[in-house]
Amino acid sequence: MIGSDGASGQGNGNGNGAGTMEFTLDVALVREILRHEKALAADELGTAGPVGAQLRSGVRHDSRLASAPDAATLACRPGCAWCCHFTVDVRPVEVFTILDYVERSLTDDERARVYAEVRANSTWLREIGADERFTTNVKCPFLRDARCVIYPVRPQSCRNYHATDAAGCRQSYEVPDDLGIDPDFAPGVYQVGAAHVEAFTAAMRDRGYDVDAYELSTALDSALTRPGARERFEARQKPFPGLDGDEVTPEFDDLGDR
Ligand code: SF4
């Protein structure tokens, strides 16, 4: 439990499952992150554009997570990659940030490998449908030798992973259709990460950008194969024709204006 002025809260669990966890909400901390991050993101969206703002916000995101009150309890370690076999949801701005990084930083061979895996994942995920993807392991195209090859720009949901016992993550990997598995988690890390993402998302939404959540591989594949995705995004349109994003309900909506 954290904070003496906390209120109870709930959030989405880790792993493949739709588990729900309860925690004590540190209202003052969450409110401060919401206020601070939204103001900075709003300013940077105007000066640096969405990808520039996302990059700057990502640096603050990592810094905040590292200083969360229970950050030291995380089980996440380099080389531990159970969670990189669960499907990942991203916002469109993350898709374009990742693609810029891939073009800029990966070798030709590595880029070709990644794009081939993106294509294969996307084709398969479209075949099996939305429900089955939550009960099936899907290796992330960015995972190589148990390392993330886009680590500096990895999705927000990857940054926010907050398990305190890798055995639970492994169990979710080994029994992917058991949605009752609910790995132990770090509530302080969860709140800090969720508040940060919610504030950045609110700033994006206020500027009219699409902030729906899309599955990582299918969104990347659409951006790579359907011309004009970035232009549509910057014109405040839905960037991925034929893909339905999920509207994400703000979790801390009752904690003041953001
Ligand atoms: S983007 Fe990186 S951290 Fe996220 S699932 Fe893929 S390999 Fe893992």
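This is a tutorial dialogue on reading selected features of a predicted model.

Student: Let's start with the rings. How is a pair of aromatic rings described?

Tutor: A pair of aromatic rings is described by the distance of the centres and the angle of the planes. In this model, a search of the whole structure turns up six aromatic pairs. Take Trp82 and Tyr173: their centres are 5.2 Å apart and their planes make an angle of 50°, so the pair is called tilted, since that label covers angles that are neither under 30 degrees nor over 60.

Student: Which parts of the chain does that pair link?

Tutor: Distant ones: Trp82 is in the loop between α1 (27-66) and β3 (89-90), while Tyr173 is in helix α5 (residues 166-174), and the two are 91 residues apart.

Student: Are those two buried or partly exposed?

Tutor: Trp82 has a relative accessible area of 24%, which makes it partly exposed, because buried would need a value under 20%. Tyr173 is partly exposed as well, at 27% relative accessibility.

Student: Which residues form an aromatic cluster?

Tutor: Phe96, Tyr209, Tyr214, Phe233 and Phe240 make up one aromatic cluster. Keep Tyr209 in mind, as Arg236 lies over its face, at 4.1 Å from the ring centre. There's another arginine placed over a ring: the charged end of Arg154 sits over Tyr151, 3.9 Å from the ring centre.

Student: Now backbone angles. What sign does phi have in most residues other than glycine?

Tutor: Most residues other than glycine have a negative phi. Arg236 goes the other way, with a positive phi near 70°. You'll find Arg236 in the segment after α8, and at 38% relative accessibility it counts as partly exposed.

Student: What is the phi of Ala146, and where does that residue lie?

Tutor: Ala146 isn't a glycine, yet its phi is positive, at about 65°. The residue lies in the loop between β4 (143-144) and β5 (147-148). Ala146 is partly exposed, with a relative accessible area of 33%.

Student: On to helix packing. At what angle do α3 and α7 pack?

Tutor: The angle between two helices runs between their N-to-C directions, so it can go up to 180 degrees. Here, helix α3 (residues 108-133) and helix α7 (residues 216-225) pack at about 115°, and their axes are 8 Å apart. The crossing of α3 past α7 is left-handed.

Student: Which residues make the contact?

Tutor: From α3 you have Tyr115, Val118, Arg119, Asn121, Ser122, Leu125 and Arg126, and from α7 there are Ser217, Thr218, Leu220, Asp221, Leu224 and Thr225. By type, the residues of this contact split into five nonpolar, five polar and three charged.

Student: How many residues of α7 are buried?

Tutor: Eight of its 10 residues are buried, so α7 is mostly covered. The buried ones are Leu216, Ser217, Thr218, Ala219, Leu220, Asp221, Ser222 and Ala223. They pack against β3, α2 (92-105), α3, β6 (214-215) and α8 (229-234).

Student: Back to α3. Is Arg133 buried or exposed?

Tutor: The test is relative accessible area, and under 20% means buried. Arg133, which is found in helix α3, is buried at 9% relative accessibility. Leaving out residues up to four places away in sequence, Arg133 touches Thr87, Asp89, Leu125, Ile128 and Glu215. Leu125 also belongs to the contact of α3 with α7. As for distances, the C-alpha atoms of Arg133 and Leu74 are separated by 26 Å, with their positions 59 residues apart along the chain.

Student: Where is Ala68, and what does it touch?

Tutor: Ala68 is in the loop between α1 and β3, the loop that also holds Trp82. Ala68 is buried, with a relative accessible area of 6%. Not counting residues up to four places away in sequence, Ala68 touches Gly188, Val189 and Val192. Its C-alpha atom is 25 Å from that of Ile181, which is 113 residues apart from Ala68 along the chain.

Student: One last residue. What is Thr201 in contact with?

Tutor: Thr201 is in contact with Arg91 and Val211, once its neighbours within four places in sequence are left aside. Thr201 lies in helix α6 (residues 187-206), and at 5% relative accessibility it counts as buried.

Terms used:
Residues are numbered from 1 along each chain as its sequence is written. This is a predicted model: local features need pLDDT of at least 70, side-chain atom pairs count only at pLDDT 80 or more; totals for chains, interfaces and linings use all residues. Side-chain values use heavy atoms; hydrogens and water are left out. Rings of Phe, Tyr and Trp (its six-membered ring) pair if their centres lie within 6.5 Å; planes under 30 degrees apart count as stacked, over 60 as edge-to-face and the rest as tilted. Helices (H or I, at least four residues) and strands (E, at least two) are DSSP runs, numbered from the N terminus. Buried means under 20% relative accessible area, exposed over 50%, partly exposed in between (1.4 Å probe, protein chains only). A charge sits over a ring if NZ of Lys or CZ of Arg is within 6 Å of the ring centre and within 35 degrees of the ring normal. Contact means heavy atoms within 4.5 Å. Axes are lines fitted to C-alpha atoms, for helices over the stretch in contact, and angles run from 0 to 180 degrees between N-to-C directions. A crossing is left-handed if the near helix is turned anticlockwise from the far one by less than a right angle, and right-handed if clockwise. Ala, Val, Leu, Ile, Met, Phe, Trp, Tyr, Cys and Pro count as nonpolar, Asp, Glu, Lys and Arg as charged, and the others, Gly among them, as polar.
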